[in-house]
Amino acid sequence: MANWIKKYTIPKDEFEELQERLLLAIDMIKDEYDTSFANMSHSDYKAGDANKIYRPYFIKWIKPYLQDYCQQWRCDSVEVQNVWFAEYLGEDGADFDYHTHEGSNMSGAVQLLIEDKRNCTVLMHHPIDTDEGDLLLFPAMLPHKSPYVFDGRKVVIGFNWNMSGSIVHSDIK
């Protein structure tokens with residue numbers, strides 16, 4: 001995996017609490033949103049962030065991982081732009097074909113639930129081996145997709161974010 005694509009494996013006890021809270025929040029709201037723009041079973045992608053009850057908790061949880069990633073590139077500023085969930089059910093034959101994310105320089109996805117490893121996120125025609133509890137960070141301009149889900153259930157929390165601010169020359173006055 002290229003060094004600009006990073007996978008973090010969240011400690012099991014930390015992830016289990018996150019997973020439980022987020023899946024509960026998603027189950028409470030998932031039928032409220034139209035997903036006709038894509039072949040997803042459920043998603044709140046087009047809803048405003050203010051309506052997403054899980055957003056503040058999720059951002060607080062991922063922020064340390066984003067800051068760690070930024071240090072690799074000698075950046076010191078992190079801004080999460082938007083957050084959404086996507087649920088894919090095999091019974092629906094759901095998928096989301098190749099796409100990129102405009103308006104941000106980075107994207108990310110947390111595998112909340114994945115019942116079949118064949119359903120892992122694909123980046124630039126390469127399946128990324130992820131498990132439940134993995135956080136994947138990558139440049140937003142990389143084409144990626146959720147493959148066709150034939151069996152089981154897959155739930156992902158996706159988000160766009162920006163990193164900026166160079167600390168390379170921070171000692172220059």
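A nonpolar core is a set of buried Ala, Val, Leu, Ile, Met, Phe, Trp, Tyr and Cys residues joined through side-chain atoms within 4.5 Å. The structure described here is a predicted model. Its largest nonpolar core has 34 residues, of which Phe58, Leu112, Ile157, Phe159 and Trp161 touch the most other members. At least two residues of this core come from each of α1, α2, β3, β5, β8 and β10. Helix α2 makes the largest contribution to this core, with eight residues.

**The sheet**

Six strands form an open sheet in the order β1-β8-β5-β10-β3-β2, and their pairing is antiparallel. Strands β1 (6-9) and β2 are the edges, each pairing on one side only. Strands of a sheet pair through backbone hydrogen bonds, in either a parallel or an antiparallel arrangement. Three of the pairings are set out below, each with a pair of residues that stand opposite each other.

| Strand pair | Sense | Bridges | Opposite residues |
|---|---|---|---|
| β1 and β8 (residues 134-139) | antiparallel | four | Tyr8 and Leu135 |
| β2 (residues 42-43) and β3 (residues 75-89) | antiparallel | two | Ser43 and Ala86 |
| β3 and β10 (residues 153-166) | antiparallel | 13 | Glu79 and Asn162 |

Strand β3 thus appears in two of these rows: it is joined to β2 by two bridges and to β10 by 13.

**Helix α2 and its contacts**

Helix α2 (residues 55-72) lies across β1, β3, β5, β8 and β10, and runs at about 125° to β3. Ile62 belongs to this helix. With a relative accessible area of 0%, Ile62 is buried, because the limit for that class is under 20%. Beyond residues up to four places away in sequence, Ile62 touches Val80 and Phe159. The C-alpha atoms of Ile62 and Leu135 are 8.5 Å apart, although 73 residues separate the two in sequence.

Phe159, one of the core residues that touch the most other members, also has a long list of partners outside its sequence neighbourhood of four places. Among them are Phe58, Ile62, Leu66, Val83, Trp84, Met106, Leu135 and Leu137. The list further includes Asn82, Ser107, Gly108 and Ala109.

**Helix α1 and Gln19**

Helix α1 lies across β3, β5 (106-114) and β10, running at about 90° to β5. Gln19 has its place in this helix, which spans residues 12-29. Is Gln19 buried or exposed? Its relative accessible area is 15%, so Gln19 counts as buried. Apart from neighbours within four places in sequence, Gln19 is in contact with Leu112, Leu113 and Glu132. The side chains of Gln19 and Glu132 also make a polar contact at 3.3 Å. Leu112, one of these partners of Gln19, is itself among the core residues that touch the most other members.

**Cysteines**

The structure holds zero disulfides. Cys70 is in no disulfide, and the nearest cysteine sulfur, that of Cys75, lies 5.6 Å away. Why is the sulfur of Cys75 too far for a bond? A disulfide requires two cysteine sulfur atoms within 2.5 Å, whereas the closest cysteine sulfur to that of Cys75, in Cys70, is 5.6 Å away and therefore too far for a bond. Cys70 counts as buried at 1% relative accessibility, and Cys75 is likewise buried, with a relative accessible area of 16%.

Key. Residues are numbered from 1 along each chain as its sequence is written. This is a predicted model: local features need pLDDT of at least 70, side-chain atom pairs count only at pLDDT 80 or more; totals for chains, interfaces and linings use all residues. Side-chain values use heavy atoms; hydrogens and water are left out. Buried means under 20% relative accessible area, exposed over 50%, partly exposed in between (1.4 Å probe, protein chains only). Two strands pair if DSSP finds at least two bridges between them. A polar contact is a pair of N or O atoms within 3.5 Å; within protein, one must be able to donate a hydrogen and the other to accept it, and residues adjacent in sequence count only if both atoms are side-chain atoms. Contact means heavy atoms within 4.5 Å. Axes are lines fitted to C-alpha atoms, for helices over the stretch in contact, and angles run from 0 to 180 degrees between N-to-C directions.
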